[in-house]
Amino acid sequence: MAATVTEYCTAVSNDVSNNMKEVWDWTCDSFDDADKMSSPLQGATMKFLAEWQQPKRVLEIGCFTGYSALAWYESTASTQAEIITLELDPTMIAASRKTFDKYKLNDRVKLIEGPAQDSIEKLTGTFDIIFVDANKEGYEGYVKQILDKKLLSPRGFIMCDNVFARGMTISTEANPELPDKVRPYWTENGKALRRFNTFCKNDNRIDSVLLPLYDGVTLIKWKNGQNFVRLN
C-alpha cells in the first residue's frame, strides 16, 4: 500500500527537473546503497519548501551524490542562495563533484570535505534551511552544535531525514521485510535516532515535529519568543 500511495502522490505532484531525474537514475545504476538518496517525491518536496522559504543560505550535512544539492540549487535561482554541503566519504565526494561539474553548480554550491562536526564548528553566519542527512548517530550532536552556535536563522528550519531508520526507531519488529544484511546497521541507527527524538522533544529552545513522511522527517525551528542572540 505504501508504495502505491507514493506512486500516486508522485504522479499528481510537481515533477522534478530532467537534470534531477538524470542524477537519480545515475545514482541508482551506480551505487548499491542508492536507497539512501532522497526519493523523487522528496526532491519535489524540498524544492517546494525552498521556493516558499526563499532562503539566502542553505546548509546540508551529507551530500551523497549531489541530488539534494541540485534540488536546493534549482529552487533558489531567484535568491541566488549560497549552498554549503558537507561530506566525509571520498566516494561520495567524487560523485558529488561529478554532479556539480556536469550541471554547473559550482558558482553557488560549496562542498566542504571532512568530518561534519569539524566543518560545522568553522561555519559562521546563519542558514535559512539546514538539511541533515548524514550518519544517524551524529544527528543529535549536529543539531545541538547548530543550535549552540546559532547557525539557524530566526525564521529558518532544520529538516532531518531518515528519522524512522527503516522502522527501527519505532520498534525492531516494525519492518520484518528489512534484509538481514542491513538490519544490524539500521537497528543501531534506530537506537541513535530514538535518543535524537528525545533530545528534540526536551530542548526548550526549539519546536519540532516528526512527520510520517518517507523514512521519517523531523522539522525543527526556534521556539516562538526564543531570544536570538548570535554567538561571535
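A crossing of two helices is called right-handed if the near helix is turned clockwise from the far one by less than a right angle, and left-handed if anticlockwise. In this predicted model, the crossing of helices H2 and H5 is right-handed. The axes of H2 (residues 18–30) and H5 (residues 90–102) come within 12 Å and cross at roughly 150°. Angles over 145 degrees count as roughly antiparallel, so H2 is roughly antiparallel to H5. The contact is made by Glu-22, Val-23 and Trp-26 of H2, which meet Ala-95, Lys-98, Thr-99 and Lys-102 of H5.

A second helix pair is formed by H3 (residues 40–53) and H4 (residues 67–75), whose axes come within 9 Å and cross at roughly 35°. The crossing of H3 and H4 is also right-handed. On the H3 side the contacting residues are Pro-40, Gly-43, Met-46, Lys-47, Ala-50 and Glu-51; on the H4 side they are Tyr-67, Ser-68, Ala-71, Trp-72, Glu-74 and Ser-75.

The strands come next. Seven of them, in the order S3-S2-S1-S4-S5-S7-S6, make an open sheet with mixed pairing. Strands S3 (109–113) and S6 (206–211) are at the edges and have a single partner strand each, so one side of each is left without a neighbour in the sheet. On average, neighbouring strands of this sheet are turned by 15° against each other, direction ignored. Strands of a sheet pair through backbone hydrogen bonds, either parallel or antiparallel. Strand S5 (residues 152–160) pairs with strand S7 (residues 217–222) in the antiparallel sense, over 3 bridges. In one of these strands, S7, Ile-220 is the bridge partner of Ile-158.

Helix H7 (residues 139–148) lies across five elements of the structure, namely strands S1 (57–61), S4 (127–132), S5, S6 and S7, and runs at about 175° to S5.

In soluble globular proteins, nonpolar side chains tend to be buried together. Here the largest nonpolar core has 33 residues, and Ile-61, Ile-158, Cys-160 and Phe-196 touch the most other members. At least two residues of this core come from each of S1, strand S2 (82–87), helix H6 (116–122), S4, H7, S5, helix H8 (183–202) and S7. Leaving aside residues up to four places away in sequence, Phe-196 touches Tyr-139, Glu-140, Val-143, Cys-160, Thr-218 and Ile-220. There is also a second, separate core of 32 residues, which includes Val-23, Tyr-73, Ile-83 and Phe-131. Val-23 also belongs to the H2 side of the contact with H5.

Terms used: Residues numbered from 1 in each chain as written. Predicted model: local features only at pLDDT ≥ 70, side-chain atom pairs only at ≥ 80, totals over all residues. Heavy atoms only, no water. Pairing = 2+ DSSP bridges. Helix = DSSP H or I, 4+ residues; strand = E, 2+ residues; numbered from the N terminus. Axes fitted to C-alpha atoms, helices over the stretch in contact; angles between N-to-C directions. Contact = heavy atoms within 4.5 Å. Core = buried A, V, L, I, M, F, W, Y, C linked by side-chain atoms within 4.5 Å. Buried < 20%, exposed > 50% of the residue type's maximum accessible area, 1.4 Å probe, protein only. Parallel < 35°, antiparallel > 145°, perpendicular 65-115°, else oblique.
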